[in-house]
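These are my notebook entries on a single model, written down in the order in which I looked things up.

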Amino acid sequence: NLTWATRSAKHLPGYDATQWNGRLTSAIARAEQQAERSNAKVWWIYVAATLRKSAGQNESGNSELRDALLLPDSRLAHHYIRLALSESNHP
């Protein structure tokens with residue numbers, strides 16, 4: 001949800017990129033922690049990578065998404081990863 005909230009906030013007056021990037025960075029760390037503890041590791045890697053891309057770290061986010069496709073699928077993560085990667089190719 002934070003990814004979508006960030007995208008929406010960019011269109012509002014008073015948008016503060018520093019504040020939103022701080023939120024995204026904090027959420028990335030939490031998603032990575034969840035990936036280490038969860039049975040749905042690929043899902044949490046997807047979440048972390050999309051947050052990373054929202055924070056402007058496109059190259060590392062895309063790399064993380066591609067690597068996640070090598071893990072067993074969970075919660076339709078592979079589908080969402082492919083969507084996120086195709087979005088990267090079509091601005």
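Which residues does Trp43 touch, not counting residues up to four places away in sequence? I work here from a predicted model, and in it I find that Trp43 touches Ser74, Arg75, Ala77 and Tyr80 once those sequence neighbours are set aside. Trp43 itself lies in helix α3. I also looked up its separation from Ala68, and the two are 25 residues apart in sequence, while their C-alpha atoms are 8.6 Å apart in space.

**Entry on the loop between α4 and α5**

Arg75, one of the residues that Trp43 touches, has its place in the loop between α4 and α5. I checked its backbone and noted a phi near 60°, which is a positive value in a residue other than glycine. Leu76 is found in the loop between α4 and α5 as well, and its phi, near 65°, is again positive in a residue other than glycine. For Leu76 I also looked up the accessibility: the residue counts as exposed, because its relative accessibility is 52% and the cut-off for exposed is over 50%.

**Entry on α1 and α2**

I next asked how α1 and α2 are set against each other, and found that they pack at an angle of about 170°, with their axes 11 Å apart. α1 is therefore roughly antiparallel to α2, since angles over 145 degrees are counted that way. On the α1 side the contact is made by Leu2, Ala5, Thr6 and Ala9, and on the α2 side by Trp20, Arg23, Leu24 and Ala27. Sorted by class, this contact of α1 with α2 has six nonpolar residues, one polar and one charged.

Thr6, found in helix α1, seemed worth a separate line. Is Thr6 buried or exposed? At 2% relative accessibility Thr6 counts as buried, and, leaving out residues up to four places away in sequence, Thr6 touches Tyr15, Trp20 and Leu24. Two of these partners, Trp20 and Leu24, are named on the α2 side of the helix contact.

For α2 I also looked at Thr18, which lies in that helix and counts as exposed at 64% relative accessibility. The C-alpha atoms of Thr18 and Ser38 are separated by 30 Å, with the two residues 20 apart along the chain.

**Entry on the largest pocket**

What volume does the largest pocket have? I noted a value of about 720 Å³. Its lining is made up of 26 residues, and those that lie nearest its centre are Thr3, Arg7, Thr50, Leu51 and Ser54. The elements that each give two or more residues to this lining are α1 (2-9), α2 (17-37), α3 (41-54), α4 (58-68) and α5 (77-89). α3 gives the most, with eight residues. By class, I recorded the lining as 12 nonpolar, nine polar and five charged residues.

Thr3 was the residue from that central group that I followed further. Thr3 is found in helix α1, and with a relative accessibility of 13% it counts as buried, because the cut-off for that class is under 20%. Not counting residues up to four places away in sequence, Thr3 touches Thr50, Leu51 and Ser54, and these three partners are also listed among the residues nearest the centre of the largest pocket.

Definitions and conventions. Residues are numbered from 1 along each chain as its sequence is written. This is a predicted model: local features need pLDDT of at least 70, side-chain atom pairs count only at pLDDT 80 or more; totals for chains, interfaces and linings use all residues. Side-chain values use heavy atoms; hydrogens and water are left out. On a 1 Å grid over the protein atoms alone, a cavity is a set of points where a 1.4 Å probe fits but cannot get out, and a pocket is an open set with protein on both sides within 12 Å along at least five of seven lines; lining residues have an atom within 4 Å of a point. Grid points are joined across faces, edges and corners, and a volume is the space filled by probe spheres set on the points. Helices (H or I, at least four residues) and strands (E, at least two) are DSSP runs, numbered from the N terminus. Ala, Val, Leu, Ile, Met, Phe, Trp, Tyr, Cys and Pro count as nonpolar, Asp, Glu, Lys and Arg as charged, and the others, Gly among them, as polar. Buried means under 20% relative accessible area, exposed over 50%, partly exposed in between (1.4 Å probe, protein chains only). Axes are lines fitted to C-alpha atoms, for helices over the stretch in contact, and angles run from 0 to 180 degrees between N-to-C directions. Angles under 35 degrees count as roughly parallel, over 145 as roughly antiparallel, 65 to 115 as roughly perpendicular and the rest as oblique. Contact means heavy atoms within 4.5 Å.
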